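Dear colleague,

Please find below the structure I promised to pass on to you. My notes on it follow directly afterwards.

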Amino acid sequence: MLNNLLIYRLLILNMIGFAIVAWAYIKGHLEIIFKGDAAILGAIMVAVFLAGLVSLFIRASKVSTALNDLKAGRAVNPAKFSIKNSHIGYTGVVLATIGLIGNLIGMVMAVHGFSSADAQASADRMAVGMEVAFSATLISLSLALWMGINFQMLKTATSLLMVDARDAG
Amino acid sequence: MQDEHDYGDEINGIAFRDILLNTLLGVFAILVAVITMIKMEQQAKATAEPPGNLMVTITWPSGPTDVDLWLDGPAEPVPIGYSNKNGVLWNLLRDDLGDMPDATPLNFENAFTRGVVPGEYTVGLHCYRCPVLPVPVDVEISLNKDAGKKGEKSPTKILVTTKVELTRQGQERTAINFKLNADGSIDPESMNSVFKPLRSAKK
């Protein structure tokens with residue numbers, strides 16, 4: 001029987017994800033993250049995502065090791081696994097929340113100093129604020145989706161581990 | 001076993017609020033864009049500079065009717081009309097012959113003064129070719145004191161509007177006589193429409 005299947009699945013999924021990111025970078029679609037007014041928010045979200053990803057692989061390696069042990073007939077106690085994995089799911093919530101905060105910052109930038117007397121300048125500020133708001137939403141939801149798929153794979157593997165451990169025990 | 005928290009629902013809830021706020025921002029942006037366009041249009045109107053100071057415009061219904069505008073003013077040796085378009089004070093910008101030859105059905109003539117010269121003015125109308133009678137003619141006199149000057153311009157101000165009806169072919173009528181003050185205002189006591197021939201006048 002093959003071992004470490006969860007790790008391989010996650011590696012394939014994330015390699016596809018990073019390939020898409022590389023394609024977007026080559027095409028210049030990632031400039032809004034690193035060069036626009038949403039650059040700081042983008043950097044924070046990328047940092048949170050990468051931290052979540054590292055944590056995901058650490059947890060996945062533990063779940064995978066437990067599955068390997070179970071396949072080898074060794075006893076496993078998976079009771080705390082799902083609790084210890086839960087912060088990976090919460091990373092997606094954090095990413096979406098940062099996006100919402102970025103959206104609000106963009107709105108504040110858009111309406112700050114709005115004056116109908118100086119409509120041209122107000123429209124320019126509005127455009128900058130909208131760029132920040134929409135960029136924050138786009139980045140946060142994309143990363144939250146990516147993290148969500150990863151978490152779902154980890155969650156499924158953990159649930160199967162618990163079922164198999166109960167059946168074995 | 002502990003019930004697992006559904007983070008998917010939580011993310012969906014945040015995403016929904018996020019998109020809702022983006023939509024609100026988009027609607028607000030559209031409102032700002034509309035206000036900006038209206039402002040720019042108003043500014044364009046305000047900064048459009050007429051070619052002269054005192055302006056007389058006459059309009060009449062579209063068709064082959066040819067009405068002529070005649071003008072007199074202080075220091076003007078000969079009244080201004082289609083046969084004498086350029087005076088020392090007035091300039092007739094266009095002699096509208098009705099719908100021939102014309103790119104649009106709009107019938108109007110206008111004249112301008114260079115400078116605001118106080119004194120007696122007369123605006124006359126002549127029914128040169130009137131196949132359809134009567135001919136209602138709208139007359140508007142407006143003033144832009146700052147036309148031709150550098151710097152910020154005051155907006156054009158309408159001084160008088162009146163309506164004159166020409167009832168027969170060849171009829172000449174005085175639309176208005178008025179006295180212009182040095183500050184660009186019209187002496188209200190001076191306004192009348194006592195006939196003063198201009199077309200065949202000799203000073």
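In this predicted model, helix α4 (residues 81-111) of chain A packs against helix α5 (residues 119-168) of chain A, the two axes lying 7 Å apart at an angle of about 170 degrees. That angle is the reason why α4(A) is described as roughly antiparallel to α5(A). The contact of α4(A) with α5(A) is made by 18 nonpolar, 14 polar and 1 charged residues.

As to confidence, the average pLDDT of chain A is 88, and 96% of the residues score at least 70. Within chain A, helix α1 (residues 5-26) has the highest confidence, at 94, while helix α2 (residues 31-34) has the lowest, at a mean of 72. In the segment before α1 of chain A you will find Asn4(A), which has a positive phi of about 55 degrees although it is not a glycine.

Two pockets deserve a description.

The largest pocket has a volume of about 670 Å³. Its lining consists of 22 residues, and those nearest the centre are Val21(A), Leu30(A), Ser142(A), Leu143(A) and Trp146(A). Helices α1, α2, α3 (39-71) and α5 of chain A each supply at least two residues of this lining. Please bear in mind, when viewing this pocket, that α2 of chain A is also where confidence in the chain is lowest. In terms of residue class, the lining of the largest pocket has 19 nonpolar and 3 polar residues, and no charged residues.

The second largest pocket has a volume of about 280 Å³. Of the 18 residues that line this pocket, Ala144(A), Gly148(A), Tyr7(B), Gly8(B) and Ile11(B) lie nearest its centre. Both chains are involved: α4 and α5 of chain A and α1 (7-47) of chain B each supply at least two residues of the lining. The largest share, 9 residues, comes from α5(A), the helix that packs against α4(A). By class, this lining divides into 10 nonpolar, 6 polar and 2 charged residues.

I turn next to the strands of chain B. Strands of a sheet pair through backbone hydrogen bonds, either parallel or antiparallel.

An open sheet of 3 strands in chain B follows the order β2-β5-β8, and its pairing is antiparallel. Strands β2 (66-72) and β8 (172-180) of chain B are the edge strands, each pairing on one side only. On average, neighbouring strands of this sheet are turned by 20 degrees against each other, direction ignored. Between β2(B) and strand β5 (residues 119-129) of chain B there are 7 bridges; Val67(B) has Cys127(B) in β5(B) as its bridge partner.

Further pairing in chain B involves strand β6 (residues 135-143), which is joined to strand β1 (residues 54-60) by 6 bridges in the antiparallel sense. Here Ile58(B) stands opposite Val139(B) of β6(B). β6(B) also pairs with strand β7 (residues 157-166) of chain B, again in the antiparallel sense, over 9 bridges. In that pairing, the bridge partner of Glu140(B) is Thr161(B) in β7(B).

One peptide bond should also be mentioned. Leu133(B) and Pro134(B) are joined by a cis peptide bond, with omega at about -5 degrees. Pro134(B) belongs to the loop between β5 and β6 of chain B.

Yours sincerely

Technical notes. Residues numbered from 1 in each chain as written. Chains lettered and ligands numbered in written order. Predicted model: local features only at pLDDT ≥ 70, side-chain atom pairs only at ≥ 80, totals over all residues. Heavy atoms only, no water. Axes fitted to C-alpha atoms, helices over the stretch in contact; angles between N-to-C directions. Helix = DSSP H or I, 4+ residues; strand = E, 2+ residues; numbered from the N terminus. Parallel < 35°, antiparallel > 145°, perpendicular 65-115°, else oblique. Nonpolar A, V, L, I, M, F, W, Y, C, P; charged D, E, K, R; others polar. pLDDT = per-residue confidence, 0-100. Pairing = 2+ DSSP bridges. 1 Å grid on protein atoms, 1.4 Å probe; cavity = no way out; pocket = protein on both sides within 12 Å on 5 of 7 lines; lining within 4 Å. Points joined across faces, edges and corners; volume = space filled by probe spheres on them.
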